[in-house]
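Subject: Structure handover

Hi there,

Here is the structure I promised to pass on to you. Have a look through it first, and then read on for what turned up.

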Amino acid sequence: MSDARRHGSHLDARHHGSHLDARHHGSHLDAPSVIRTKRDGGILTDAAIDWVIDGYTRGLVADEQMSALLMAIFLRGMTPGEITRWTAAMVASGERFDFTDLGLPLVDKHSTGGVGDKITIPLVPVVLACGAAVPQAAGRGLGHTGGTLDKLESIAGFTPELSKTQIRQQLSEIGAAIFAAGDLAPADRKIYALRDITATTESLPLIASSVMSKKLAEGAQSLVLDVKSGRGAFLKTEAESRELAATMVALGNSYGVPTRALLTDMNRPLGYTVGNSVEVAESLEVLAGGGPADVVELTLALAAEMLDAAGVDGVDPAQTLRDGTAMDRFRRLIAAQGGDLSRPLPIGAHNETVTAAAGGVMGDIDAMAVAMAAWRLGAGRAAPGHPVQLGAGVRIHRRPGEPVAAGETLFTLYTDTPERLGAALGELDGGWSVGAAAPDLGPLVIDHLG
Ligand code: URA
């Protein structure tokens, strides 16, 4: 084994045979020792990382053992070398798509997880309408954050389960596909589901490797990351979010996929809706040329980055929202994946409202409070594989800084299971206020990296 390999400086474990190495030379490894090394603050060897990822993917390392290792990683962290190798092993756990022969400018974006973060839904058709192509491996809800696939499944008939042949065909015929990662980075699929229910989501190495393993395997030629920072993000401080962005940008670039990142605010929810179908409805408003200003701003900022990264110039993404071409592309994309936009979106059968006791100006709204309310209403999962309620969610009637009249409705909560309403209302308590003056919100796009 070369020095470069031993130190994990070359990323593509599979193509250099380390998977085989892990099986041949990893026979001395066992899960308790790997867990113990990390639990005690040690550094995992490349062989240990390859072995544990491969073993977990193939069912030889148990959920209980991976859960313990994830918690040890959560508490102890990982060195840059460990993150690089862990990511490479996750990429190597499955297929790596290559669509370069299609001759399309293939670009994608991924968010590190937000609240009301429906941006992929309007963004993909905008970028498509401007002439780039998007192979988008999307995820389901994780922790308190929503998932694009859960949201899109509120469109009757829509399926994200596409084969590689279907993805290739869709890319060549309409220029985009939004699909479940499937055979891409299957290790991430299993680890992602485990993190969701073991309180191990908020970890820089685990987020970086999860995002990048899917994105490096999906076949995009360049990548734009939306790295969230603030109360509703997995990593709360700007310093941690910057480090996450820098880590992922370096991972992408060293894999030969030019990668850049926007650091964006996630202190308050994006738009007026948090949930599944409610976020699709709001995305349709954006595609129809309206919608909340912050959702439009972030969609256009990310579109500009993606088009620049893909080398597409001379087009105005905002124009595609005004002239209906983005909506047209969205309809084609959804129809190609079986979705029927003529059918009504589901909405929770039961609702409850929160009203203003006094008039004034809406103060700041804590993204985490709203996320937890939506989760309690059934928009997210408490156990792996459980279905989410498509119609569960929160509608925010007044965004921070908007005028409020006494008695006015500020929030509507939707669910199919009314016994959840009390707990959801409890989560909102203390997460908002009405005051005399507009809050100071700061910029939505904080910085550009890479
Ligand atoms: N998105 C992912 O794919 N993984 C994470 O860990 C967080 C956001």
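A residue counts as buried when its relative accessible area is under 20%, as exposed when that area is over 50%, and as partly exposed in between. Arginine 231 has a relative accessible area of 30%, so arginine 231 is partly exposed. Please keep in mind that this is a predicted model.

Let me start with the salt bridges. A search of the whole structure finds 32 of them, and a few may interest you.

Arginine 231 takes part in one: its side chain meets that of aspartate 366, with N and O 3.7 Å apart. Arginine 231 sits in the loop between S4 and helix H12 (238-254), while aspartate 366 sits in the loop between strand S8 (360-362) and helix H17 (367-379), so the bridge ties together parts that are 135 residues apart in sequence. Aspartate 366 has 22% relative accessibility, so this residue is partly exposed as well.

Another salt bridge pairs aspartate 117 with lysine 228, and their closest N and O atoms are 3.8 Å apart. This pair also links distant parts of the chain, 111 residues apart: aspartate 117 belongs to the loop between strand S1 (107-111) and helix H7 (120-129), and lysine 228 to strand S4 (residues 222-229). Are these two residues buried or exposed? Both aspartate 117 and lysine 228 are buried.

A third example joins glutamate 427 to arginine 376, where the closest N and O atoms are 2.7 Å apart. Here helix H18 (residues 421-428) supplies glutamate 427 and helix H17 supplies arginine 376, so parts 51 residues apart in sequence are tied together. Glutamate 427 is partly exposed, at 22% relative accessibility, and arginine 376 is partly exposed too, at 32%. Elsewhere on the list, Arg140, Asp150, Glu153, Glu161 and Arg381 are joined into one network by salt bridges that share partners.

Finally, a word on threonine 273, which is found in strand S6 (residues 273-275). Its relative accessible area is 0%, so threonine 273 is buried. What does its side chain reach at 3.4 Å? The partner is the backbone oxygen of valine 278. Leaving aside residues up to four places away in sequence, threonine 273 touches Gly116, Lys118, Val278, Glu279, Glu282, Val394 and Arg395.

Happy browsing, and do write back with any questions.

Best wishes

Note on methods
Residues are numbered from 1 along each chain as its sequence is written. This is a predicted model: local features need pLDDT of at least 70, side-chain atom pairs count only at pLDDT 80 or more; totals for chains, interfaces and linings use all residues. Side-chain values use heavy atoms; hydrogens and water are left out. Helices (H or I, at least four residues) and strands (E, at least two) are DSSP runs, numbered from the N terminus. Buried means under 20% relative accessible area, exposed over 50%, partly exposed in between (1.4 Å probe, protein chains only). A polar contact is a pair of N or O atoms within 3.5 Å; within protein, one must be able to donate a hydrogen and the other to accept it, and residues adjacent in sequence count only if both atoms are side-chain atoms. Contact means heavy atoms within 4.5 Å. A salt bridge is a side-chain nitrogen of Lys or Arg within 4 Å of a carboxyl oxygen of Asp or Glu.
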